[in-house]
Amino acid sequence: AEAEKNKRIIEAEADAEAIRLKAEARSYAIEAKAKAEAEQMAKKAEAWNEYKDAAMVDMILQQLPKICAEVAAPLQNVNKVTLVAGPNGEVGAAKLTGEVLEIVRNLPKVIEDITGVDMSKKMIRK
């Protein structure tokens, strides 16, 4: 009877130890998973922060040809243009093209005013 009692005590202690070890392993796994998820979320947040400006610049660059076409569109309805030479002597198509290019050249500042993104800084390769 005493041997049977000791056997049961040893078995109960072994079961208790097994349960404790399983719970400890489960706890460690949950903690490791939580740390990995937190790290992943931090990396996603950092990537999103960088992507936000890059995405905005990308969308703007994709729309740039359309914007330029809209700027130049009124010229399609012109039958006759008379240009007077300026102090630097440009006349004709060179003057007209220069005017359109000047409008396009000012677009990055306009885009920055609208979006808050300085395209000149975002387009520099690192």
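A salt bridge is taken here as a side-chain nitrogen of Lys or Arg within 4 Å of a carboxyl oxygen of Asp or Glu. By this criterion, the whole structure, which is a predicted model, contains 7 salt bridges. The mean pLDDT of the protein is 81, and 91% of the residues reach at least 70. Confidence is highest in helix H1, with a mean of 86, and lowest in helix H4 (residues 119-122), with a mean of 70.

Helix H1 covers residues 2-72. For its 71 residues, a rise of 1.5 Å a residue predicts a span of 105 Å, and the separation of 103 Å between the end C-alpha atoms agrees with this value. The helix nevertheless has a bend of about 45° at Leu-64, and a proline, Pro-65, follows within four residues. The buried residues of H1 are Asp-53, Ala-55, Val-57 and Ile-60. Leu-61, also in H1, is partly exposed, because its relative accessibility of 33% falls between the limits of 20% and 50%. The C-alpha atom of Leu-61 lies 9.5 Å from that of Met-119, although 58 residues separate the two in sequence.

Two of the salt bridges in H1 involve Arg-20. In one, Arg-20 pairs with Glu-17, with 2.6 Å between the closest N and O atoms. These two residues are 3 apart in helix H1, and so are separated by about one helical turn. In the other, Arg-20 pairs with Glu-24, and the closest N and O atoms are 2.9 Å apart. Here the spacing within H1 is 4 residues, again about one helical turn. An α-helix has 3.6 residues a turn, so residues three or four places apart point the same way. Side chains of opposite charge can pair when their charged atoms come close. Each of the three participants is partly exposed: Arg-20 has a relative accessible area of 41%, Glu-17 has a relative accessibility of 35%, and Glu-24 has one of 47%.

A further salt bridge is found in helix H3, where Asp-113 pairs with Lys-109 at a closest N to O distance of 3.1 Å. Both residues lie in H3, 4 residues apart, which is about one turn of the helix. Asp-113 is exposed, because its relative accessible area of 54% is over 50%. In H1, by way of shared partners, salt bridges join Glu-17, Arg-20 and Glu-24 into one network.

The largest nonpolar core has 6 residues, namely Val-57, Ile-60, Leu-107, Ile-111, Val-117 and Met-119. Helix H1 and helix H3 (107-115) are the elements that give two or more residues to this core. In soluble globular proteins, nonpolar side chains tend to be buried together. Two of the core members, Val-57 and Ile-60, are among the buried residues of H1. Beyond its neighbours within four places in sequence, the core residue Leu-107 is in contact with Leu-64 and Ile-67. Of these, Leu-64 marks the site of the bend in H1.

Not every nonpolar residue of H3 is buried. Ile-114, which is found in this helix, is exposed, with a relative accessible area of 67%. The C-alpha atom of Ile-114 is separated by 29 Å from that of Asn-77, with their positions 37 residues apart along the chain.

Note on methods:
Residues are numbered from 1 along each chain as its sequence is written. This is a predicted model: local features need pLDDT of at least 70, side-chain atom pairs count only at pLDDT 80 or more; totals for chains, interfaces and linings use all residues. Side-chain values use heavy atoms; hydrogens and water are left out. A nonpolar core is a set of buried Ala, Val, Leu, Ile, Met, Phe, Trp, Tyr and Cys residues joined through side-chain atoms within 4.5 Å. Buried means under 20% relative accessible area, exposed over 50%, partly exposed in between (1.4 Å probe, protein chains only). Contact means heavy atoms within 4.5 Å. pLDDT is the predictor's confidence in each residue, from 0 to 100. The expected span of a helix is 1.5 Å times one less than its number of residues. The bend at a residue is the angle between axes fitted to the seven residues ending there and the seven starting there.
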